[in-house]
Amino acid sequence: MNNEQLLKFKAWFSEYVSGFYGNNPEQNQIYKLKETHTLRVCENILTLGKSIHLSQNDLKIVEIAALFHDIGRFKQYLTYATFNDTKSINHAKLGIQQLSLHKILNGLSTNEKRFIVIPIVWHNAYKPPDIKDDKMLLFIKLLRDADKLDIWKVVVDYYKKHKNQTSKIMIQDLPDNGQAYSARIIKSIHEGKMARITDLSCLTDLKLLQISWVYDLNFTESYRLLQQSCYIEELVRTLPKTNQIKNAVKVAIKHIEKMAGHV
């Protein structure tokens with residue numbers, strides 16, 4: 001991939017996204033949220049890629065995978081007014097359909113297309129695929145980490161600014177049940193596993209699931225960035241002050257410290 005192609009992709013992304021903005025301020029805010037999220041994921045993936053010494057060409061490829069990873073979100077929200085994939089459509093697959101429809105990747109080699117499309121397909125899956133292609137798996141993991149690092153920023157910013165009000169988009173239509181939470185999610189955190197969306201029943205569950213993502217990071221630099229950001233600690237401040245939650249959070253934070261090499 002050359003610099004001219006890189007610039008073309010960035011220009012197309014801006015043009016494509018701008019087509020969704022209209023006269024509805026609330027909708028525009030949602031689109032802006034996704035647009036800025038995408039640009040920060042691009043920054044994250046370049047930081048991670050450089051930390052493991054990716055080549056310049058590979059850095060371009062992973063940056064474009066990051067640029068297009070949520071391209072399906074815009075059509076998803078326009079059509080279904082939600083970002084909940086289980087209640088609408090898999091946004092990763094919808095994004096691939098949009099890229100195909102607009103033939104945006106046509107100028108790339110078959111291999112370059114694969115290393116962009118397949119990471120996008122897997123970026124929102126519960127876990128990466130069991131494949132033997134080490135480079136593909138690396139690119140998938142880079143995108144998953146880069147995405148999570150910014151989702152933590154987005155949700156923490158939201159929880160801090162909207163303490164007394166909620167957005168169905170941001171909390172996936174989940175009720176705020178005060179002190180209630182799922183024992184299964186607490187159990188997952190203690191067991192060092194990422195919680196499952198199927199176990200969500202309320203807003204506290206969602207926050208705990210977002211904390212459990214610490215078990216799905218793949219690079220030392222990811223853990224260092226997470227530790228520096230204090231996103232998990234900020235998330236914890238929004239949770240009920242129960243012993244069960246405090247103990248589970250301690251386990252998650254110890255895992256971050258260990259993986260960041262700061263034990």
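**Exercise 1. Locate D150 and describe its surroundings.**

Solution.
Step 1. D150 sits in helix α7, which spans residues 134–161; helices here are DSSP runs of H or I with at least four residues, strands are runs of E with at least two, and both are numbered from the N terminus. The model is predicted, so local features need pLDDT of at least 70 and side-chain atom pairs count only at pLDDT 80 or more, while totals for chains, interfaces and linings use all residues. Residues are numbered from 1 along each chain as its sequence is written, and side-chain values use heavy atoms, with hydrogens and water left out.

Step 2. Is D150 buried or exposed? Its relative accessibility is 3%, so D150 counts as buried. The classes are buried for under 20% relative accessible area, exposed for over 50%, and partly exposed in between, with a 1.4 Å probe and protein chains only.

Step 3. Apart from neighbours within four places in sequence, D150 is in contact with H37, R40, V41 and N44, where contact means heavy atoms within 4.5 Å.

Step 4. With R40, the side chain of D150 makes a polar contact of 2.5 Å. A polar contact is a pair of N or O atoms within 3.5 Å; within protein, one must be able to donate a hydrogen and the other to accept it, and residues adjacent in sequence count only if both atoms are side-chain atoms.

**Exercise 2. Describe the largest pocket: volume, lining and composition.**

Solution.
Step 1. The largest pocket holds about 1000 Å³ of space. On a 1 Å grid over the protein atoms alone, a pocket is an open set of points where a 1.4 Å probe fits, with protein on both sides within 12 Å along at least five of seven lines; lining residues have an atom within 4 Å of a point. Grid points are joined across faces, edges and corners, and the volume is the space filled by probe spheres set on the points.

Step 2. Which elements give two or more residues to the lining? They are α2 (25–51), α5 (91–101), α6 (110–122), α7, α8 and α10 (203–212). Helix α7 provides the largest share, six residues.

Step 3. The lining has 37 residues, and R73, N124, Q172, I197 and W213 lie nearest the centre of the pocket.

Step 4. By class, the lining residues are 18 nonpolar, 10 polar and nine charged. Ala, Val, Leu, Ile, Met, Phe, Trp, Tyr, Cys and Pro count as nonpolar, Asp, Glu, Lys and Arg as charged, and the others, Gly among them, as polar.

**Exercise 3. Place D85 and list what it touches.**

Solution.
Step 1. D85 is in the loop between α4 (71–80) and α5.

Step 2. D85 is partly exposed because its relative accessible area is 22%.

Step 3. Not counting residues up to four places away in sequence, D85 touches R73, Q76, N90, H91 and N124. R73 and N124 are also among the residues nearest the centre of the largest pocket.

Step 4. The side chains of D85 and H91 are joined by a polar contact of 2.8 Å.

**Exercise 4. Find non-glycine residues with positive phi and compare their settings.**

Solution.
Step 1. H53, although not a glycine, has a positive phi of about 65°. C230 is likewise not a glycine and has a positive phi of about 60°.

Step 2. H53 lies in the loop between α2 and α3, and C230 in the loop between α11 (220–229) and α12 (231–236).

Step 3. H53 counts as exposed because its relative accessibility is 69%, whereas C230, at 35%, counts as partly exposed.

**Exercise 5. Describe the setting of Q244.**

Solution.
Step 1. Q244 belongs to helix α13, residues 243–260, and with a relative accessibility of 45% it counts as partly exposed.

Step 2. Beyond its neighbours within four places in sequence, Q244 is in contact with Y181, I186 and H190.

Step 3. How many residues along the chain separate Q244 and I186? They are 58 residues apart, while their C-alpha atoms are separated by 7.5 Å.

**Exercise 6. State how confident the prediction is.**

Solution.
Step 1. The mean pLDDT of the protein is 93, and 97% of its residues reach 70 or more; pLDDT is the predictor's confidence in each residue, from 0 to 100.

Step 2. Where is confidence lowest, and where highest? The lowest mean, 70, falls in helix α8 (residues 168–171), and the highest, 98, in helix α3 (residues 56–68).

Step 3. Helix α8 is also one of the elements that give two or more residues to the lining of the largest pocket.
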